[in-house]
Amino acid sequence: MRRRSRAVEALAAVLLLALSAACGSRLPESDFEHDDRTSAPRDTAPLRVGIVASATSPVGGAAFTGPRDGAKAWFDRLNAHGGIDGRRVEVRLCDDGGSGVGNNECVHRLVEEDEVVALVATTAFDYAGASRVSRARVPDIGGQPIGSAYDTYPHLYGIYGSLAPRDGTTGWDGKLYGGTEVYRYFKREHGARTAAVVSYNQSASAAYARLVERGLRAEGYKVVTEQVDFALPNFRAAAADLKEQGADLVFDAIDSHGNARLCQAMDEAGADVTAKVTNVQNWTSTVADAYKDAPRCRNALWATGSSRNFDDTGHPAVREFREATKDLKTHSQWQLEGWAAARWFTDAAESCARTGITRACVDAYMNRGEGYTAGGLLLPVEFERRPEPPRTSRTCLSVARWQDGEGWVSQGDMNRTCFDVPQLAYAP
């Protein structure tokens with residue numbers, strides 16, 4: 001299996017959001033055009049899809065709008081080229097406000113009133129309506145696994161896949177599993193041996209830090225723990241200590257603002273590291289501004305994920321994404337993953353064009369036993385229902401490093417950066 005396990009990344013998203021709340025060549029035109037069908041009269045009514053995003057959540061709109069914007073850009077491009085089998089895709093947006101009540105209202109409106117054929121690129125702070133989506137048998141395609149819904153319910157297909165039974169119970173007896181591939185990568189490729197984990201003295205932050213520490217220790221690292229006060233964090237003391245301890249890597253369980261302050265403190269302390277490792281949610285084009293006061297640390301930022309670097313314009317599928325989103329002020333990995341989710345729905349719908357584009361047909365396509373890559377934008381995504389959790393897995397990852405003047409620079413081929421690693425249990 002080459003699918004990257006994303007348990008740690010999903011937990012990181014939950015953590016960062018919780019903390020914030022507390023404080024060249026082109027894709028062929030055939031991708032957008034479709035053969036005439038003569039076997040049955042063509043339905044020309046628009047296809048309705050729904051996108052739920054917590055755009056006005058307590059953590060601010062920018063935290064959740066990336067997948068929505070990427071998906072919408074795909075559908076705009078698709079409609080400009082004739083839609084799906086001659087049918088325009090009508091996108092129905094719903095902002096759930098980051099609350100469970102709002103999310104249920106969005107699900108009711110989109111699924112029951114608007115009767116969308118599918119949800120696409122869901123990005124919800126509290127996906128309270130997930131069980132209702134599942135009961136209605138509406139395929140939810142390419143959503144961000146901020147919570148555990150995509151490892152709990154059938155008919156929900158997260159952007160990173162799932163091996164869990166998805167029978168209404170989360171994971172396996174309430175536990176999920178994640179791999180240690182990120183730690184293995186830096187150990188094998190860069191000789192890292194000592195890793196620092198910085199967290200707040202706050203429950204969610206401390207819990208995530210313990211998970212990272214556990215994974216690092218499983219890979220044989222010496223682990224340096226740095227905990228700072230949530231209300232009055234002393235990042236200078238933490239930076240001085242991780243320098244003294246000789247940390248090669250720095251992982252964190254703190255919010256984006258705290259990361260920028262930590263980086264500034266590291267620069268001031270002269271703490272040079274091999275990598276300051278972040279996750280897909282912070283893999284954005286705003287690094288130069290967010291870390292403007294920390295040039296050394298900024299150029300030691302690395303990101304890992306399961307999708308192709310949005311700055312990798314040497315790849316035709318990425319070029320197509322960047323061209324379609326050139327009017328956006330910023331770019332991010334979540335935008336690219338939203339674009340990939342919309343493409344996934346399109347491929348599913350096209351497969352159903354001859355017999356009728358229905359919820360059931362689209363859902364059947366999603367349940368195929370094939371790894372989906374969105375034209376090379378994703379590591380192969382699979383959905384299985386394994387009765388027992390995996391103990392080990394061959395997992396791959398996409399890696400990029402920030403460099404001033406160049407942006408995010410890909411580090412190797414994500415389809416070949418693969419490791420056989422243990423899968424560690426955790427409670428979501």
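## A buried glutamate

Let's start with one acidic residue: glutamate 213 has a relative accessible area of 13%, and because buried means under 20%, glutamate 213 counts as buried. This is a predicted model, so keep that in mind as you look around. Glutamate 213 belongs to helix α6, which covers residues 203-218. Leaving aside residues up to four places away in sequence, glutamate 213 touches Val197, Val223 and Thr225.

## The chain as a whole

Stepping back, the secondary structure of the chain comes to 13 helices and 15 strands. The chain has 428 residues, and 56% of them count as buried. The surface that the chain exposes is about 16900 Å², with 45% of it supplied by carbon and sulfur atoms.

## Helix α2 and its partners

Helix α2 is a good place to check geometry by hand. The helix has 15 residues, from 66 to 80, and at 1.5 Å a residue it should span 21 Å. The C-alpha atoms at its ends are 21 Å apart, so the model agrees with the expected span.

Which residues of α2 are buried? They are Gly66, Pro67, Gly70, Ala71, Ala73, Trp74, Phe75, Arg77 and Leu78. These buried residues pack against strands β1 (47-53), β2 and β3 (118-120), and against helices α11 (316-324) and α12 (333-351). After α2 comes glycine 82, which has a positive phi, near 105 degrees.

## Disulfides: the overall pattern

The count of disulfides in the model comes to 4. If you number the bonded cysteines of the chain in sequence order, the pairing reads 1-2, 3-4, 5-6, 7-8. Details of three pairs follow below.

## Cysteine 94 with cysteine 106

Cysteine 94 is joined to cysteine 106 by a disulfide, with an S to S distance of 2.0 Å. The pair links distant parts of the chain, 12 residues apart: cysteine 94 is in strand β2 (residues 89-95), while cysteine 106 is in helix α3 (residues 100-113). Strand β2 is also among the elements that the buried residues of α2 pack against.

The torsion about the S-S bond of cysteine 94 and cysteine 106 is about -85 degrees, which means that this disulfide is left-handed. Are these two cysteines buried or exposed? Cysteine 94 has 9% relative accessibility and counts as buried; cysteine 106, at 2%, counts as buried too.

## Cysteine 263 with cysteine 297

Another disulfide is formed by cysteine 263 and cysteine 297, whose sulfur atoms are 1.9 Å apart. Cysteine 263 sits in helix α8 (residues 256-269) and cysteine 297 in helix α10 (residues 295-298), so this pair ties together parts that are 34 residues apart in sequence.

Here the torsion about the S-S bond is about -45 degrees, so the disulfide of cysteine 263 and cysteine 297 is left-handed. Cysteine 263 and cysteine 297 are both buried.

## Cysteine 396 with cysteine 418

Further along, cysteine 396 and cysteine 418 make a disulfide with their sulfur atoms 2.1 Å apart. This pair connects two strands from distant parts of the chain: cysteine 396 lies in β12 (residues 392-396) and cysteine 418 in β15 (residues 418-426), 22 residues apart.

What is the handedness of the disulfide between cysteine 396 and cysteine 418? It is right-handed, because the torsion about its S-S bond is about 100 degrees. Both cysteine 396 and cysteine 418 are buried.

Conventions
Residues numbered from 1 in each chain as written. Predicted model: local features only at pLDDT ≥ 70, side-chain atom pairs only at ≥ 80, totals over all residues. Heavy atoms only, no water. Disulfide = S-S within 2.5 Å. Helix = DSSP H or I, 4+ residues; strand = E, 2+ residues; numbered from the N terminus. Buried < 20%, exposed > 50% of the residue type's maximum accessible area, 1.4 Å probe, protein only. Expected span 1.5 Å × (residues − 1). Contact = heavy atoms within 4.5 Å. Areas by Shrake-Rupley, 256 points an atom, 1.4 Å probe, with all protein chains shown as cover.
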